[in-house]
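Me: Could you take a close look at one part of this model for me? I'd like to hear about one spot first, and then what else is worth a glance.

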Amino acid sequence: MQNRLFCAVALTFLLLPLSAPAAQEAAPRNVIVMIGDGMGVGNVTAARIVKGSLHLDRCTAGGLSATHSASSLVTDSAAGGTALSTGQRTKNHMVAMTPDGAVLKNLLEYAEEAGKSTGVVVTCAVTEATPATFLAHVDDRGKQPLIAEQIAAGNADVILGGGWGYFVPQSQKGSKRKDDQDLLAELGKRMPVVLTPE
């Protein structure tokens, strides 16, 4: 049985070069990373069982990544997001930082260095753990006011999502800040700020 398995694996590797397309595909001009937060293989399989085929099944390429935490078998969104945004493991609650607190460069920062436009679009607050790993560097995901400050000072070209309360001064009703910083005004210096769906 082991010999058959070895032969099958060896044959597969021998055939791979023969099955490659004759023409090289052009490098992509744009890359969109879509993250189903908390969505693992089990979740996708359950959705297929219930719904049948999924729209994501139309993607021509896919892969798996291990995003577990450096501090626990149970990963939170900060550590999982850091693994996706930086390629490095960290402790739960840490946002784009190493377990000892050093800043990790994330995908948006690499793209910005390469002269690419960048952005984050979410259905939650942009200051929450997963999107924050692409936009900020803090030692605790709960520091959303600080994350908002880093987003306002950052270089992302497009930011769509919630979290308004972390960007407005404490004097404004609904603010979640404990200071008078108006981060929406700061963002408005480098991009249009829209607060209504119209």
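Reply: Here is a walk through one loop residue, then a surface patch and a core.

This is a predicted model, so to speak of local features we need pLDDT of at least 70, side-chain atom pairs count only at pLDDT 80 or more, and totals for chains, interfaces and linings use all residues. Numbering starts from 1 along each chain as its sequence is written, and side-chain values use heavy atoms, with hydrogens and water left out.

Ser69 sits in the loop between α2 (41-51) and α3 (77-86); helices here are DSSP runs (H or I) of at least four residues, numbered from the N terminus. Ser69 counts as buried because its relative accessibility is 5%, where buried means under 20% relative accessible area with a 1.4 Å probe, protein chains only, and exposed means over 50%. Its side chain reaches the backbone nitrogen of Ser71 at 2.8 Å. Setting aside residues up to four places away in sequence, Ser69 touches Thr75, Ala79, Thr90, Lys91 and Asn92, a contact being heavy atoms within 4.5 Å.

Val33 is another loop residue, between α1 (2-19) and α2, but this one counts as exposed, because its relative accessibility is 51%.

Now for the core. The largest nonpolar core has 24 residues, and Leu108 is among those that touch the most other members; such a core is a set of buried Ala, Val, Leu, Ile, Met, Phe, Trp, Tyr and Cys residues joined through side-chain atoms within 4.5 Å. α5 (129-135), α6 (144-153) and α7 (183-188) each supply at least two of its residues. Beyond four places in sequence, Leu108 is in contact with residues including Phe134, Leu135 and Ala156.

Note on methods:
A polar contact is a pair of N or O atoms within 3.5 Å; within protein, one must be able to donate a hydrogen and the other to accept it, and residues adjacent in sequence count only if both atoms are side-chain atoms.
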